[in-house]
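Colleague: Please give me a close look at the aromatic side chains of this model. Once they are set out, please go on to the loops, helices and strands around them, with the cut-offs stated as you go.

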Amino acid sequence: MLVLLYEHGDEPWVVLTRRASHLRHHAGEVSFPGGRREPDDADLWATALREAAEEISLDPGTVRRVGRLDTFVTVGSRSLVCPFVATVGERPELVPDPAEVERVLHVRLSELTDPDTWREEVWSLGEAFGGERTMTFFELPGDTVWGATAAVLRRLLTVATAAPVAG
């Protein structure tokens, strides 16, 4: 999974996608570019770059890896999610592949931290899924971001807005 950031108008932005409505899994949902590792991928970073190139025509040569957020396993599909954080020098011109992506979303981080945009709910998922779990939601114009995408955004915002450690 690629968490792509850039600065535009003196503000940090993140790139999301709305998955195509004809897909079998997670149709029409908001997500980050990403997918399953293929045998030819050197590592998970290569997978993230390949998937972003395929889904939104991101030029891998323009991307600078910054780090990685905590890896986790999704509740529903039990998929391992490995979110890599990367930057590009300017707002990228991205073209969605209609086979996978309906739309590319450019979202200001400040919009995601607006109290009117996000909320949390406690869901009871049963003991097989770890009991109760806090679920995060972001309400964007025309889209509700939830699930693994919202969990990654929450982790990203926690890191991005953390106060510096005095030392």
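Modeller: Helices and strands are taken here as DSSP runs numbered from the N terminus, a helix being H or I over at least four residues and a strand being E over at least two. What you see is a predicted model, in which local features need a pLDDT of at least 70 and side-chain atom pairs count only at pLDDT 80 or more, while totals for chains, interfaces and linings use all residues. Residues are numbered from 1 along each chain as its sequence is written, and side-chain values rest on heavy atoms, with hydrogens and water left out.

I begin with the aromatic rings. Searching the whole structure gives two aromatic pairs, a pair being two rings of Phe, Tyr or Trp (for Trp, the six-membered ring) whose centres lie within 6.5 Å, called stacked if the planes are under 30 degrees apart, edge-to-face if over 60 and tilted for the rest. In one of them, Tyr6 and Trp13 have ring centres 6.2 Å apart and planes that meet at 10 degrees, so this pair is stacked. Tyr6 and Trp13 are both buried, a word that stands for under 20% relative accessible area, with exposed meaning over 50% and partly exposed lying in between (1.4 Å probe, protein chains only).

The other pair, Trp45 with Phe84, is edge-to-face, at 5.5 Å centre to centre and with 65 degrees between the planes. Because Trp45 belongs to helix α1 (residues 44-56) and Phe84 to strand β7 (residues 84-87), this pair ties together parts that are 39 residues apart in sequence. Trp45 has a relative accessible area of 15% and is therefore buried; Phe84, at 4% relative accessibility, counts as buried as well.

Aromatic rings also take part in two contacts with arginine side chains. The charged end of Arg119 sits over the ring of Phe137, at 4.3 Å from the centre of that ring, where sitting over a ring requires NZ of Lys or CZ of Arg to be within 6 Å of the ring centre and within 35 degrees of the ring normal. Arg155, for its part, lies over the face of Phe72, and here the distance to the ring centre is 4.3 Å.

From the rings I turn to the loops that adjoin these elements. Helix α1, which carries Trp45, is followed by the loop that leads to β4 (64-68), and Ser57 is found in that loop. Ser57 is not a glycine, yet its phi is positive, at about 60 degrees; with a relative accessible area of 41%, Ser57 is partly exposed. A positive phi in a residue other than glycine is also seen at Asp10, where the value is near 60 degrees. Asp10 lies in the loop between β1 (2-8) and β2 (11-19), and a relative accessible area of 71% makes this residue exposed. Strand β7, which holds Phe84, is joined to β8 (101-108) by a loop in which Val95 is found. Val95 counts as exposed, at 52% relative accessibility, and although Val95 and Glu54 are 41 residues apart in sequence, their C-alpha atoms are 9.7 Å apart in space.

Separations of this kind can be given for other elements too. Glu111, in helix α2 (residues 109-112), is buried with a relative accessible area of 19%. Its C-alpha lies 9.7 Å from that of Glu139, with the two positions 28 residues apart in sequence. In strand β5 (residues 72-73) lies Val73, which is partly exposed at a relative accessible area of 41%. For Val73 and Asp59, which are 14 residues apart along the chain, the C-alpha atoms are separated by 28 Å.

Helix α3 closes this account. This helix spans residues 147-160 and includes Thr149, which is buried, its relative accessible area being 6%. Ala151 also has its place in helix α3, but with a relative accessible area of 21% Ala151 is partly exposed. Ala151 and Thr136 stand 15 residues apart along the chain, and their C-alpha atoms are separated by 6.4 Å.
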